[in-house]
Amino acid sequence: MQDGVVVRNREGVSQGNPISPVLANLYLHHVLDLWFERRFKRGCRGAAHLIRFVDDFVVCFEHQAEADAFGRELAERMQKFGLELKPEKTRLLLFGRSARGWAAAHGEKPGTFVFLGFKHVCGLDRRGKFAVVRIPAHDSCRKFLDRIHDWLKSHMHWNRRAQQAYLTTMLRGFYQYFALHHCERKLDWVCREVQLQWIRTLRRRSQRHRLFWSYLSGRAWFELPRPRTLHPTV
């Protein structure tokens with residue numbers, strides 16, 4: 001509304017607009033959630049589950065025929081509301097306990113998928129039983145490291161303690177989201193990459209440096225928080 005006049009916009013909101021996730025939740029609750037629970041799921045013979053976060057969602061089916069039918073009916077449902085699925089972000093794959101057994105019998109690896117920043121893998125727990133293993137997706141780690149690189153480049157001449165404080169805050173925020181079981185190895189790699197970027201930034205300050213790894217590893221101002229599992233039961 002502008003000056004008491006209602007303005008209709010048929011092009012939607014801009015990418016990254018704060019209202020976008022709010023509208024996605026309201027719109028898809030009717031377009032997808034209610035339709036799936038009250039209509040499509042009732043006709044399924046096997047188990048069927050929908051997991052959605054804003055405009056990203058995963059749907060699990062026990063029978064492939066029902067997954068195929070869902071894909072066809074969902075496309076028609078979306079068209080009614082002027083929506084469409086992105087082909088490059090939509091796919092059908094075998095996943096779960098039976099998928100792991102089928103892939104092992106055929107000498108293949110079961111499929112994986114990325115959802116909410118995590119790569120989901122058919123794995124095993126400590127007792128050797130099937131478990132869904134979630135590790136930070138490569139793109140999530142790469143975007144975080146790119147942000148670190150850009151920040152170091154623009155704050156190259158900050159004193160070392162100030163740089164350490166900021167990098168510590170950034171890493172702890174990253175760990176807070178991704179520090180699930182099975183994630184420590186990947187998070188160790190991210191921490192190591194941050195340290196290497198920091199070393200390269202410090203070396204650019206002077207052509208005559210003595211900032212070698214053996215020297216820096218014993219300095220308190222160069223220490224960064226190491227990852228540990230923060231959500232062991234998730």
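Reader: Which residues have the most contacts inside the largest nonpolar core?
Author: In this predicted model, they are Phe-144, Leu-171, Phe-174, Val-194 and Trp-198, in a core of 28 residues.

Reader: Which elements give two or more residues to this core?
Author: Three helices do: H4 (138-154), H5 (160-178) and H6 (184-203).

Reader: And where does the largest share come from?
Author: From H6, which gives seven residues.

Reader: Take Phe-174. What is it in contact with, leaving aside neighbours within four places in sequence?
Author: Phe-174 is in contact with Ser-140, Cys-141 and Phe-144, and also with Leu-187 and Val-190.

Reader: What lies apart from that core?
Author: Another core, of 15 residues, lies apart from it. Among its members are Phe-36, Cys-44, Ala-69 and Leu-74.

Reader: Cys-44, then. How many disulfides does the count come to?
Author: Zero.

Reader: Why no bond for Cys-44?
Author: Because the closest cysteine sulfur, in Cys-60, is 12 Å from the sulfur of Cys-44, which is too far for a bond. A disulfide would need the two sulfur atoms within 2.5 Å.

Reader: And what is the nearest cysteine sulfur to Cys-122?
Author: That of Cys-60, at 11 Å, and Cys-122 is in no disulfide.

Reader: Are those two buried or exposed, Cys-44 and Cys-122?
Author: Cys-44 is buried, with a relative accessible area of 14%. Cys-122 has 4% relative accessibility, so Cys-122 counts as buried. The cut-off for buried is under 20%.

Reader: Different topic: Val-31. Which helix is it found in?
Author: Val-31 belongs to helix H1, which covers residues 19-40.

Reader: Buried or exposed?
Author: Val-31 counts as buried, because its relative accessibility is 1%.

Reader: What does Val-31 touch, not counting residues up to four places away in sequence?
Author: Val-31 touches Arg-77, Met-78, Phe-81 and Leu-83. With Phe-81, the C-alpha atoms are separated by 7.7 Å, although the two residues are 50 residues apart along the chain.

Reader: On to pockets. How much space lies in the second largest pocket?
Author: About 210 Å³.

Reader: Which residues lie nearest its centre?
Author: Ala-131, Val-132, His-181, His-182 and Val-234 lie nearest the centre of the second largest pocket, out of 13 residues that line it.

Reader: How does that lining divide into nonpolar, polar and charged?
Author: The lining of the second largest pocket has six nonpolar residues, three polar and four charged.

How values were computed: Residues numbered from 1 in each chain as written. Predicted model: local features only at pLDDT ≥ 70, side-chain atom pairs only at ≥ 80, totals over all residues. Heavy atoms only, no water. Helix = DSSP H or I, 4+ residues; strand = E, 2+ residues; numbered from the N terminus. Buried < 20%, exposed > 50% of the residue type's maximum accessible area, 1.4 Å probe, protein only. Contact = heavy atoms within 4.5 Å. 1 Å grid on protein atoms, 1.4 Å probe; cavity = no way out; pocket = protein on both sides within 12 Å on 5 of 7 lines; lining within 4 Å. Points joined across faces, edges and corners; volume = space filled by probe spheres on them. Nonpolar A, V, L, I, M, F, W, Y, C, P; charged D, E, K, R; others polar. Core = buried A, V, L, I, M, F, W, Y, C linked by side-chain atoms within 4.5 Å.
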